[in-house]
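Welcome, and thanks for taking a look at this one. Please have the sequence and the 3D view open side by side as you read.

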Amino acid sequence: MERIDKENYYLDIAETVLERGTCLRRNYGAIIVKNDEIISTGYAGAPRGRKNCIDLGYCTREKLEIPRGQRYEMCRSVHAEANACLSASRRDMIDSTLYLVGKDKKTGKYIENANSCAMCKRTIINAGIQHVVIRDDKMNFRIIDVCDWIYYDDSLEDNGGY
C-alpha cells in the first residue's frame, strides 16, 4: 500500500473538519500545522451563542442572491480560516501552513478555484502563516506562498472577491 503524501494527509483532516460546518451554501474546513503538529482547526459557522444558518433554515446571502466573493458582511458565519487562527496563538502560527478544503453543501463537490476571502487573507498574513494549501480535488491541490498575498494586494483592485 502506497503512503499518502503529507499535503493530502492534512487536507483529508481539513475535509473532515468541514463536516462540522453550518453553512447552507459552502462549507470549509481549515487546519493549521507547524512542524507536523496540528496547532488548531476551524470550520465555517456562526459566532458562539448565535444561531447557525442550518438552525434558522436559510442563508441570508442565498436569499438575497449575493454572488460568491461579495458582501461577506451579510454572512452569519466566521470563516474556517479565521476560526482556526482564533484558536491558536500567533507564536504558534508563525511559519506554519494552513490547509483549506471547501465543498458545495448541495452538491458535495469541491469548490472550484477555492481561495481565502480578502478578510481571511489579511488574518492569515497577520497570523504569520507562511503557506496555504488549498484542495482542488481529491488528490490535487495548490500551494500558495502567503508572501504573494502581501506583494499582490488584491484589496487595491475592484474584483469583488475570489
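Here is a short briefing on the sheet, one helix, some backbone angles and a pocket.

The model is a predicted one. Its 5 strands form an open sheet with mixed pairing, and its largest pocket has a volume of about 340 Å³. Two places to visit early are helix 6, residues 118–127, where four named residues are buried, and the hairpin of strand 1 and strand 2, where Asn35 has a positive phi.

**The sheet**

- Reading across the open sheet, the strand order is 2-1-3-4-5, and the pairing is mixed.
- Strand 2 and strand 5 (141–145) are the edge strands, each with a pairing on one side only.
- From one strand to the next, the twist averages 20°.
- Strand 1, covering residues 26–34, pairs with strand 2 in the antiparallel sense, and 6 bridges link the two.
- One pair to pick out here is Lys34 with its bridge partner in strand 2, Glu37.
- Strand 3 and strand 4 run parallel and are joined by 4 bridges.
- Leu98 stands opposite Val132, a residue of strand 4.
- Strand 4 (residues 131–135) is mostly covered, as 4 of its 5 residues are buried.

**Helix 6 and its two sides**

- Which residues of helix 6 are buried? They are Cys120, Lys121, Ile124 and Ala127.
- These buried residues lie on the same side of helix 6 because they cover an arc of only 130° around the axis.
- Met119 and Asn126 are exposed, and they sit on the other side of helix 6.

**Positive phi angles**

- As background, most residues other than glycine have a negative phi.
- In the hairpin of strand 1 and strand 2, 2 residues lie between the strands, and Asn35 takes a positive phi near 55°.
- Arg71 is a residue other than glycine with a positive phi, near 50°. You will find Arg71 in the loop between helix 3 (60–63) and helix 4.
- Is Arg71 buried or partly exposed? Its relative accessibility is 45%, so Arg71 counts as partly exposed, given that this class lies between the 20% and 50% cut-offs.
- Asp95, also not a glycine, has a positive phi near 65°. Asp95 belongs to the loop between helix 5 (90–93) and strand 3 (97–104).
- With a relative accessible area of 49%, Asp95 is partly exposed.

**The largest pocket**

- The volume of the largest pocket is about 340 Å³.
- Its lining is made up of 15 residues, and those nearest the centre are Tyr43, Gly45, Ala46, Arg48 and Asn83.
- Which elements each supply at least two residues of this lining? Strand 2 (37–43) and helix 4 (80–86) do.
- Strand 2 gives the largest share of the lining, with 3 residues.
- By character, the lining holds 5 nonpolar, 7 polar and 3 charged residues.

**Where the topics meet**

- Strand 2 is a good element to follow through the model: strand 2 is an edge strand of the sheet, and strand 2 also supplies the largest share of the pocket lining.
- Strand 4 is another, with 4 of its 5 residues buried and a parallel run alongside strand 3.

Technical notes
Residues are numbered from 1 along each chain as its sequence is written. This is a predicted model: local features need pLDDT of at least 70, side-chain atom pairs count only at pLDDT 80 or more; totals for chains, interfaces and linings use all residues. Side-chain values use heavy atoms; hydrogens and water are left out. On a 1 Å grid over the protein atoms alone, a cavity is a set of points where a 1.4 Å probe fits but cannot get out, and a pocket is an open set with protein on both sides within 12 Å along at least five of seven lines; lining residues have an atom within 4 Å of a point. Grid points are joined across faces, edges and corners, and a volume is the space filled by probe spheres set on the points. Ala, Val, Leu, Ile, Met, Phe, Trp, Tyr, Cys and Pro count as nonpolar, Asp, Glu, Lys and Arg as charged, and the others, Gly among them, as polar. Buried means under 20% relative accessible area, exposed over 50%, partly exposed in between (1.4 Å probe, protein chains only). Two strands pair if DSSP finds at least two bridges between them. Axes are lines fitted to C-alpha atoms, for helices over the stretch in contact, and angles run from 0 to 180 degrees between N-to-C directions. The arc is that of the directions from the helix axis to the C-beta atoms.
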